[in-house]
Every structure is written in structure tokens, then in C-alpha cells.
Amino acid sequence: MQTPSGWISIILGLIILVVLGFAFYQVNKTMNDFKVELERLKGVLEETRKNTEEVKRKLEEV
């Protein structure tokens, strides 16, 4: 039979594993959100670049 301190160590170890698992899940979710936002910003930047080139062409015509 194990001592009570042995059971406490096992329970604390399991709690730490659950906390680490949750932290990993949250970091992964946050990184995916950043990836989506980065792709959206790339699209906006590309659109702005195209609009800038169009304005530049129109100014050169004038």
C-alpha cells in the first residue's frame, strides 16, 4: 500500500499534465488565429499595392 504522499504526488502530476495539455491547446488555437489574421492582412496589402499601381498609372497619364 502506498503512502498518502505518494497518492498526492500522482494526483499533482496528473493535474500538471492536464494544465500543460490545456496550455498547449490554447497556444495552438492562438497561433491558428494569428495565421488566419496574417493571411487576411496579406490580402489587404496586395489589394493596396494593386490600387497604388493603378493610381500611379493614372497619374503618369496626366
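I take helices (H or I, at least four residues) and strands (E, at least two) as DSSP runs, numbered from the N terminus. I note that the model is predicted, that local features need pLDDT of at least 70 and side-chain atom pairs count only at pLDDT 80 or more, while totals for chains, interfaces and linings use all residues. Residues are numbered from 1 along each chain as its sequence is written, and side-chain values use heavy atoms, with hydrogens and water left out.

**Entry 1. Overall form**

I looked up the secondary structure and found 1 helix and 0 strands in the chain. I then compared the radius of gyration with the globule rule: the value is 27 Å, well over the 11 Å that the rule gives for 62 residues, so the chain is more spread out than a compact globule. Here the radius of gyration is taken over C-alpha atoms, and the globule rule is 2.2 Å times the number of residues to the power 0.38. The C-alpha trace spans about 90 × 10 × 5 Å along its principal axes. As a single distance I took Leu-38 to Trp-7, which are 31 residues apart along the chain and have C-alpha atoms separated by 46 Å.

**Entry 2. Exposure**

I asked what share of the chain is buried. Of the 62 residues, 0% count as buried, where buried means under 20% relative accessible area, exposed over 50%, and partly exposed in between (1.4 Å probe, protein chains only). Leu-38, in helix α1, counts as partly exposed because its relative accessibility is 46%. The chain exposes about 6,100 Å², of which carbon and sulfur atoms supply 70%. Accessible areas come from the Shrake-Rupley method with a 1.4 Å probe; for residues, only the protein chains shown count as cover.

**Entry 3. Nonpolar patch**

I recorded a nonpolar surface patch whose members include Trp-7, Leu-14 and Val-19, with about 900 Å² of accessible area for the patch together. Patches are made of residues with over 30% relative accessible area and no salt bridge; like charges are joined within 9 Å, nonpolar side chains (Val, Leu, Ile, Met, Phe, Trp, Tyr) within 5 Å. Leu-14 has its place in helix α1.

**Entry 4. Salt bridges**

I counted salt bridges, and the structure holds 5; each is a side-chain nitrogen of Lys or Arg within 4 Å of a carboxyl oxygen of Asp or Glu. Which residues are linked in a network of salt bridges? I found Glu-46, Arg-49 and Glu-53 linked in this way.

- Arg-49 pairs with Glu-46, with the closest N and O atoms 2.3 Å apart; both lie in helix α1 (residues 4–61), 3 residues apart, about one turn of the helix.
- Glu-53 meets Arg-49 at 2.6 Å, N to O, and the two are 4 residues apart in helix α1.
- Lys-58 meets Glu-54 at 3.3 Å, N to O, again with both in helix α1 and 4 residues apart.

I also checked exposure: Arg-49 is partly exposed at 40% relative accessibility, Glu-46 at 32%, Glu-53 at 36% and Glu-54 at 36%.

**Entry 5. Charges**

I compared the mean positions of the 9 positive and 9 negative charges of the chain, which are 4 Å apart. Lys and Arg count as positive and Asp and Glu as negative; His and the chain ends are not counted. I placed each charge at NZ of Lys, CZ of Arg, CG of Asp or CD of Glu.
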